[in-house]
Amino acid sequence: MEDKQLRKEEGGVDAGTAIAVSHVSKTYKLYDKPMDRLKEALKLTRQQKYREAHALSDISFDVGQGECVGIIGTNGSGKSTILKIITGVLNPTSGSVAVNGRISALLELGAGFNMEYTGIENIYLNGTMNGFSNEEIDARMQDILDFADIGDYVRQPVKTYSSGMFVRLAFSVAINIDPEILIVDEALSVGDVFFQAKCYHKFEEFKKMGKTIMIVSHDLSSIAKYCDRVILLNQGVKLGEGSPKAMIDDYKRVLVGQYELPTSKKEQNLIGDEEIQDAVHRQAAAAKRGDAQDSKALEYGTKEAEIEEIYLTDDRGTRTNSILKGLPFQIHMRVRFDRDLPAPIFAFSFKTAKGTEITGTNTMFEKAFLEPVKAGDTKAVCFSQKMSLQGGEYLLSFGVTGYEGDDFKVYHRLYDAIDVTVVSDKNTVGYYDMDSAVEVKSV
């Protein structure tokens, strides 16, 4: 352990580690007036003319070679800042970063490109910046052009490109210079759905080749699907790191102000996947599900409304956690209210075991209940539908939320409260069965 820490401080990286971030902080000095900055630079004043803004505070984590690691968090949490420090675009105020391998980064649009140059000229510019000779770039040129697929625009100045064309070329360059570490910051959100699919297919190829990927994205489904591990940041502080499912659940709690922040930096830095899971299980109350076993649901909310019972019934009205594909079934929840509420919203959603949200609905979407309730009221809610998911295991979550004026309130949520088994003798592609009727004729 001591040797590992020593190598980090000296700028080295352990075998098997692609990126080592050690106690990194980034602080900006904010001045009210430009003259104050000048006075301080020239040492014309002894008064402190600035206030400090902490973009990152004591961030540490390692990324193993061949891992795909996601970073999530609200806007302003420091996600892009840590990527820029890793790639060398920014220097940390304190701490260190060690990297083992050639990095290719696709950060904000325009980074590393000259807007006056043509696409071809920018390909050579970026290749040269990454240490390639013109001959090596020539050898990769056709692959870059084929992946970007922007036609004759590649010979026009990039300032004339649409944002979609720009990102296609930038991403194509980034992945075709043989990187050992690929870093992507939200840049794919501007591409069309076909290009995004092609990029994620490339991610899969990179993972199979043992290359390292870091992704910053607000697309939680992609984070859950592609990442081996996720780091959660909030206001420059690392709240935790662990499995995509655990971190995405915690992120949702952060979004609605229901995440209990660590009481000290020491506690914060020790939070890991196992610790988070244990804490979640300790805090979660067992949901009442009739004759079903107690679940380890992630539970939070103001508790001004409380979900007291949740269960499923099959097409015969029998309580069960196993549903036959193609048959109708019901999702039930009983909710008690501890105060008057203007218009509570009842909701459910299905997720995969990895945490990808598949489908769900609520009473606001369905226009089924838009009424006020009184303190002491109890409501029995029943959602009826046909089971169209493919055979397999799913997690069912529940919620009671609502709007009070312009404020969104979470009264009670139970994530991953019921393990649902879908029994099927015919599975199709993906998660959802289109239930197609097929007709084939001779012509």
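Strand 3 (residues 68–72) runs parallel to strand 7, and the two are joined over four bridges. The model described here is predicted. In this pairing, Ile71 lies opposite Val216 of strand 7. Strand 7 also pairs with strand 6 (residues 181–185), again in the parallel sense, over five bridges. There, Ile181 stands opposite Thr212 of strand 7.

Strand 7 itself covers residues 212–216, and five of its five residues are buried. In a regular strand, side chains point alternately to the two faces of the sheet. In strand 7 both faces are covered: Thr212, Met214 and Val216 are buried on one side, and Ile213 and Ile215 are buried on the other.

A further sheet is open and consists of three strands in the order 11-13-16, with antiparallel pairing. Its edges are strand 11 (305–313) and strand 16 (378–386), each of which pairs on one side only. From one strand to the next, the twist averages 15°. Strand 11 and strand 13 (residues 328–337) are linked over eight bridges in the antiparallel sense, and Tyr311 stands opposite His332 of strand 13.

The strand pairings with a stated number of bridges are listed below.

| Strands | Sense | Bridges |
|---|---|---|
| strand 3 and strand 7 | parallel | four bridges |
| strand 6 and strand 7 | parallel | five bridges |
| strand 11 and strand 13 | antiparallel | eight bridges |

Helix 5 spans residues 134–148 and has 15 residues. At 1.5 Å a residue, helix 5 should span 21 Å, and its end C-alpha atoms are 19 Å apart, which agrees. Helix 5 nevertheless has a kink of about 45°, centred on Arg140. Arg140 is also one of the buried residues of this helix, together with Ile137, Met141, Ile144, Phe147 and Ala148. What do the buried residues of helix 5 pack against? They pack against helix 4 (119–129), helix 6 (163–175) and helix 7 (193–208). Just after helix 5, Asp149 has a positive phi of about 55°.

Two cysteines can be described by their accessibility. Is Cys199 buried or exposed? Cys199 counts as buried because its relative accessibility is 0%. Cys382 has a relative accessible area of 42%, so this residue is partly exposed. The count of disulfides in the model is zero, where a disulfide would require a pair of cysteine sulfur atoms within 2.5 Å.

Notes
Residues numbered from 1 in each chain as written. Predicted model: local features only at pLDDT ≥ 70, side-chain atom pairs only at ≥ 80, totals over all residues. Heavy atoms only, no water. Buried < 20%, exposed > 50% of the residue type's maximum accessible area, 1.4 Å probe, protein only. Pairing = 2+ DSSP bridges. Axes fitted to C-alpha atoms, helices over the stretch in contact; angles between N-to-C directions. Expected span 1.5 Å × (residues − 1). Bend = angle between axes of the 7 residues up to and from the residue. Contact = heavy atoms within 4.5 Å.
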